[in-house]
Amino acid sequence: MDNRSISTVVIITTMQTEAHPLVNKFQLKEDLNPVFPMGVPWVRYFGTYKDLNINIIWPGKDTILGVDSVGTISASLVTYASSLALQPDLIINAGTAGGFKAKGASIADIFLASDVAFHDRRIPIPVFDLYGVGLRQAFPTPNLVKTLNLKVGKLSTGDSLDTSPKDEASIVSNDATIKDMEGAAVAYVADLLKVPAIYVKAVIDIVDGDKPTGVEFLQNLLAVTAALDQAVTEVVDFINGRCLSEL
């Protein structure tokens with residue numbers, strides 16, 4: 001498998017602002033006869049870019065509140081459904097993340113996650129505690145990291161945008177440089193189905209900074225999304241024509 005050329009790529013995003021610039025860049029079209037169950041809000045964009053079959057999956061808008069369907073539940077569901085329907089050679093989870101300046105993160109930095117884990121699944125029972133953390137390694141990409149000069153750090157995932165003291169303690173225990181709301185859920189499904197997965201994250205707020213997370217998130221959304229989309233394009237360009245073992 002590692003020596004087979006990468007042909008089909010699934011890019012999992014969680015916000016419309018992350019998906020649409022990439023849709024335009026790769027000249028994809030929306031799947032009007034979706035491969036997903038009827039009634040779900042999930043959206044697939046697809047097409048051919050160079051030698052790759054590109055699929056961008058966005059969980060869509062919440063059917064009741066109309067906001068982006070962020071978080072681990074939507075991420076795990078769309079990753080599972082997309083993997084079964086599209087049989088990708090590689091999953092790319094692309095999105096924004098909070099970063100820790102104490103670990104060297106700055107606004108608009110692009111990180112490739114080396115490991116992913118949860119920080120809000122606390123189960124204080126032997127072995128169950130390890131299951132709750134759910135530590136998993138991303139697919140190794142040393143050539144990609146070197147060529148694109150990407151930063152590498154550990155990613156911690158939880159379902160809250162803010163950071164409670166207990167979450168912070170778990171993030172420190174995870175030795176995380178960045179935190180998001182999807183990565184570890186994507187990793188769980190990718191590991192379950194044995195699909196290689198990588199995680200491209202752009203720092204949108206500084207968790208240990210002096211600005212409120214929500215304010216900083218909205219303030220930096222457009223600029224950081226542009227940086228993310230540029231990075232994902234460079235990653236896809238690097239992947240094109242290569243096999244997994246060459247990443």
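**Exercise 1. The protein as a whole**

What percentage of the 247 residues in the protein do buried residues make up? State also whether the overall dimensions agree with those of a compact globule.

*Solution.* The model is a predicted one, and every value below is computed from it. Begin with burial, for which the cut-off is a relative accessible area under 20%; buried residues make up 53% of the 247 residues. Next, take the radius of gyration: a compact globule with 247 residues would have a value near 18 Å, and because the protein has 17 Å, the two agree. The C-alpha trace spans about 45 × 40 × 40 Å along its principal axes. Finally, consider the contacts with a sequence separation of 6 or more, of which 74% come from residues 24 or more positions apart.

**Exercise 2. The annotated domain**

Determine which residues the UniProt domain annotation covers, and describe the secondary structure over that range.

*Solution.* According to the unreviewed UniProt entry, the annotation "domain: Nucleoside phosphorylase" covers residues 8–235. Over residues 8–235 the chain is 36% helix and 27% strand, while the C-alpha atoms at the two ends are 14 Å apart. For the protein, the secondary structure comes to seven helices and 10 strands.

**Exercise 3. Following the strands from β6 to β9**

Trace the pairing of β8 with β6 and with β9, and give the hand of the crossover from β8 to β9.

*Solution.* Start at strand β6 (residues 110–118), which runs parallel to strand β8 (residues 151–157) and is joined to β8 by six bridges; in this pairing, Ala 117 has Ser 156 of β8 as its bridge partner. Then move to strand β9 (residues 178–180), which also runs parallel to β8 and is joined to β8 by three bridges, with Asp 180 of β9 as the bridge partner of Thr 157. Between β8 and β9 the chain passes through helix α5 (residues 165–173), and this β-α-β crossover is right-handed.

**Exercise 4. Thr 96 and its surroundings**

Is Thr 96 buried or exposed, and which residues does Thr 96 touch?

*Solution.* First locate Thr 96, which is found in strand β5 (residues 90–99). Its relative accessible area is 10%, so Thr 96 is buried. Leaving aside residues up to four places away in sequence, Thr 96 touches Glu 18, Asp 180, Lys 201, Ala 202, Ile 204, Phe 217, Val 224 and Leu 228. One of these, Asp 180, has already appeared as the bridge partner of Thr 157.

**Exercise 5. Helix α6 and its end**

List the buried residues of α6 and describe the phi of the residue that follows the helix.

*Solution.* In helix α6 (residues 183–193), the buried residues include Gly 183, Ala 184, Ala 185, Val 186, Ala 187, Val 189 and Ala 190. The helix is followed by Lys 194, whose phi is positive, near 60°.

Terms used:
Residues are numbered from 1 along each chain as its sequence is written. This is a predicted model: local features need pLDDT of at least 70, side-chain atom pairs count only at pLDDT 80 or more; totals for chains, interfaces and linings use all residues. Side-chain values use heavy atoms; hydrogens and water are left out. Two strands pair if DSSP finds at least two bridges between them. Helices (H or I, at least four residues) and strands (E, at least two) are DSSP runs, numbered from the N terminus. A crossover is right-handed if, with the strands pointing away from the viewer, the path from the first strand over the helix to the second runs clockwise. Buried means under 20% relative accessible area, exposed over 50%, partly exposed in between (1.4 Å probe, protein chains only). Contact means heavy atoms within 4.5 Å. UniProt positions are given in the numbering used here, feature names are shortened, and annotations may be inferred rather than shown by experiment. The radius of gyration is taken over C-alpha atoms; the globule rule is 2.2 Å times the number of residues to the power 0.38.
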